[in-house]
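User: Hello! I am new to this structure and would like a close look at a single part, with the salt bridges as the way in.

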Amino acid sequence: MESGILQKDEPLLCTLHSNDANHQATNLINWQQEFDQLSRGDFAGVIKERHFPHIHVFREDTSHSLRQQCRVESGGLWLGFSANEKSCRINHEQTSSNQFLCRPGSRDFELLTPDNFSIYGLVLHPSFFTELVGQENETFFDRNCDGLWLENITATKLNNFKQYLTLLLHSEDNHWSHHTHELILQDAVIELLSNAQQTPLAHVTSLQRNRIMARVQEYLTEARMKSPITMNEICSAVHVSRRTLQYTFTQCYGIPPKHYIQALRLNQVRRELSRNDERQTITDIAISYGFFHLGEFSQSYKRLFGETPQQTRQRL
């Protein structure tokens, strides 16, 4: 098998086209893999990818059935799931289209993919886990696990993650910096891996909860609410683990920290809409408070307030 090496000057977002399955295999860098075409006809493949310091994220589209022999770098982790509702086989096991596939680095695995298959993939480099050791102060996921897919990932979580990856790989014209997108991506991956691990929640005393929440409230200024805030960022700011933060919010508010922050942001948007400043569009206001997926923003807003943002603006 041949392997590619990431060049420092490689563009962060790129699209690679191929008319040969073997060439398609070599287009994915930092992998060792070979593709064998199994169905007849002219092959066409596309890879859209972004490279971050600790994460490589991509979408791969292939026109014909393939046998893919794969291995990612030692110490890393590969995650993948169907992008077009079709399913594949991994190590001779049939999967479903809503399963989050998972293989540790330095271990060979085989994918058998059907015609016209699309897959989202992420390779977490060894540095991803090295960076998190100091932040989490706990092992939130065993990257050497033998399972072929992650358990306990709901369809809703998977769909939300898919929507974000669609946005991330759509174009360079995004509202936030590459660093901000990496923080969002890293936070989403940590949450998925933490859910898959299903470790028990930590016990926090009443006094500890009050101190943690006081630090959280101090950190969540209006200025910070106008840019994406990750759970890792909050954990670092208040000096607690992700598990402790989750437990504290559940005890204090009955909802996870992400839901709480989203509710605060939606209320901020509602205040802006109530000012009825027609110079700012609803889209502009939503984006200014960290809502990158406008369809999901509108649905969340209506669930919380019982009306759409447009109805709020017209009524107030």
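User: Does E110 count as buried or exposed, and at what relative accessibility? Please go on from there to the salt bridges around it and elsewhere.

Analyst: Happy to help! Please keep in mind that this is a predicted model. E110 has a relative accessibility of 17%, so it counts as buried, the cut-off being under 20%.

E110 has a charged partner: it forms a salt bridge with R67, and the closest N and O atoms of the two are 2.9 Å apart. R67 sits in strand β6 (residues 66–72) while E110 sits in strand β11 (residues 109–113), so this salt bridge ties together parts that are 43 residues apart in sequence. The two partners do not share a label: R67, at 29% relative accessibility, counts as partly exposed, whereas E110 counts as buried.

This pair has company, since a search of the whole structure finds 12 salt bridges. Another one is between K157 and E191, with the closest N and O atoms 3.2 Å apart. Here the link runs between helices: K157 belongs to helix α3 (residues 155–168) and E191 to helix α4 (residues 178–197), 34 residues apart. K157 is partly exposed at 31% relative accessibility, and E191 is partly exposed at 21%.

Helix α4 also holds D187, which is linked to R242 in helix α8 (residues 242–253), 55 residues away along the chain. D187 and R242 form a salt bridge in which the closest N and O atoms are 3.2 Å apart. Both D187 and R242 are buried. These contacts belong together, as salt bridges with shared partners join K157, D187, E191, R242 and K258 into one network.

For a wider view, let us turn to the strands. Seven of them form an open sheet in the order β2-β4-β5-β12-β7-β10-β13, with antiparallel pairing. At the edges stand β2 (13–18) and β13 (149–150); each has a single partner strand, so one side of each is left without a neighbour in the sheet. Within the sheet, strand β5 (residues 55–62) and strand β12 (residues 117–124) run antiparallel and are joined by eight bridges. As one example of how residues face each other there, H56 stands opposite V123 in β12. In general, the strands of a sheet pair through backbone hydrogen bonds.

To return to your starting point, E110 is buried, and its salt bridge with R67 ties strand β11 to strand β6.

Notes. Residues numbered from 1 in each chain as written. Predicted model: local features only at pLDDT ≥ 70, side-chain atom pairs only at ≥ 80, totals over all residues. Heavy atoms only, no water. Salt bridge = Lys/Arg side-chain N within 4 Å of Asp/Glu carboxyl O. Helix = DSSP H or I, 4+ residues; strand = E, 2+ residues; numbered from the N terminus. Buried < 20%, exposed > 50% of the residue type's maximum accessible area, 1.4 Å probe, protein only. Pairing = 2+ DSSP bridges.
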